[in-house]
Amino acid sequence: MKTYYQILLLLPVLILSSTRFGAAQHTKNEVEKSIDRDAMPARALSLINQFWKEPKKADFYRQSDGEMISYEVKLNWEDHPYSIEFDASGSLIDVEQLIEFEELPHALRNTITEEINNQYTTFRLTRVQRQFSAFENDDDEVLKKILEEDFEDLLIRYEIEIDGHNKTELGSFEMLFDENGNLIQKRKIVRRSLDNIW
């Protein structure tokens, strides 16, 4: 009987903890800080130098979301800004290409717009990125294929940021879609003063 009452007393605490944990999983709370080129992981620099020959035109950042540290290189190539993200060991996480929404295929634009319309009363697109990563870990091959614009064997997703609201939500949100326009993940964006926005 004593155990039963102990569980009843702890139940509100467990529910509150669970709710807070769940909310944290759906929040983008990243901070970027500009760093010197030499502060990048050596493996990341080696990969960048191997594929991009103009490192002076690149900017380097250390990024933290409170749990994970990563490193980013931002550069321009073929009229598009690129963000190349590495983990702390210098292994490639993904490559993001900043694009206009109108660059997406017409059918994909319609599917994504319909999904956002279903979730928000009004919204405004603020940033659209095409995200490339590998099905298997092969950093050299991913970068090589991007430079050759051979995207066939790459995992492609679309990261779209919006300002929007509905009856229960108001603010900025990041929505991740697969190449068919299916929503994979949505996170509320917490803006920080150190954010570096293109």
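**View 1. Leu108 sits in helix H3 of this predicted model.**
Leu108 is buried, with a relative accessible area of 7%. That value falls under the 20% cut-off, so the residue counts as buried. What does Leu108 touch, leaving out residues up to four places away in sequence? The list is Tyr158, Asp178, Glu179, Asn180 and Gly181. Take Asp178 from that list. Leu108 and Asp178 are 70 residues apart in sequence. Their C-alpha atoms are 9.9 Å apart in space.

**View 2. Helix H3 lies across four strands.**
H3 covers residues 106-119. The strands beneath this heading are S7, S8, S9 and S10, the last being residues 183-189. Against S9, helix H3 runs at about 140 degrees.

**View 3. Ten strands form an open sheet.**
The strand order is S1-S10-S9-S8-S7-S6-S5-S4-S3-S2. Pairing in this sheet is mixed. Which strands are the edge strands? They are S1 (27-28) and S2 (31-34), and each pairs on one side only. Along the chain, the protein has four helices and ten strands. Reading from the N terminus, the elements run α-β-β-α-β-β-β-β-α-β-α-β-β-β.

**View 4. Strands S6, S7, S8 and S9 show antiparallel pairing, step by step.**
Strands of a sheet pair through backbone hydrogen bonds, either parallel or antiparallel. Start with S6 (residues 92-99) and S7 (residues 122-134): they run antiparallel and are joined by five bridges. Here Leu98 has Gln129 of S7 as its bridge partner. Move on to S7 and S8 (residues 154-165), which pair in the antiparallel sense over twelve bridges. Gln129 appears again, this time with Glu159 in S8 as its bridge partner. Finally, nine bridges join S8 to S9 (residues 170-178), and these two run antiparallel as well. In this last pair, look for Asp163, which stands opposite Ser172 in S9.

**View 5. Gln131 is a buried residue of strand S7.**
How accessible is Gln131? The relative accessible area is 8%. Buried means under 20%, so Gln131 qualifies. The Gln131 side chain makes a polar contact with the side chain of Glu96, at 3.0 Å. Setting aside neighbours within four places in sequence, Gln131 is in contact with Asp94, Val95, Glu96, Leu155, Ile156, Arg157, Glu159 and Leu176. Glu159 also serves as the bridge partner of Gln129 in S8.

**View 6. Lys28 lies in strand S1.**
Is Lys28 buried or exposed? At 10% relative accessibility, Lys28 counts as buried. Its strand, S1, is one of the edge strands. Lys28 and Glu174 are 146 residues apart along the chain, and 7.7 Å separates their C-alpha atoms. Not counting residues up to four places away in sequence, Lys28 touches Arg127, Glu159, Glu161, Glu174, Arg187, Lys188, Ile189 and Val190.

**View 7. Met40 belongs to the largest nonpolar core.**
This core has 39 residues. Which members touch the most other members? They are Met40, Ile84 and Phe86. Leaving aside neighbours within four places in sequence, Met40 is in contact with Ile35, Leu45, Phe60, Tyr61, Tyr71, Glu72, Val73 and Phe86. Now find helix H2 (residues 42-51). H2 lies across S3 (59-64), S4 (69-77) and S5 (80-87). The helix runs at about 150 degrees to S5.

**View 8. Helix H4 has buried residues on the same side.**
H4 spans residues 139-147, and Asp139, Val142, Leu143, Lys145 and Ile146 are buried there. Why are they on the same side of H4? They cover an arc of only 160 degrees around the axis, which puts them on the same side. An α-helix has 3.6 residues a turn, so residues three or four places apart point the same way. What covers the buried residues of H4 includes H2, S4, S5, S6, S7 and S8. After H4 comes Glu149, with a positive phi near 55 degrees.

**View 9. The whole chain puts the close-ups in context.**
The protein chain has 198 residues, and buried residues make up 38% of them. Consider the contacts with a separation of 6 or more. Residues 24 or more positions apart account for 56% of those contacts.

How values were computed:
Residues numbered from 1 in each chain as written. Predicted model: local features only at pLDDT ≥ 70, side-chain atom pairs only at ≥ 80, totals over all residues. Heavy atoms only, no water. Pairing = 2+ DSSP bridges. Contact = heavy atoms within 4.5 Å. Axes fitted to C-alpha atoms, helices over the stretch in contact; angles between N-to-C directions. Core = buried A, V, L, I, M, F, W, Y, C linked by side-chain atoms within 4.5 Å. Buried < 20%, exposed > 50% of the residue type's maximum accessible area, 1.4 Å probe, protein only. Polar contact = N/O pair within 3.5 Å; in protein donor to acceptor, adjacent residues only side chain to side chain. Arc of directions from axis to C-beta.
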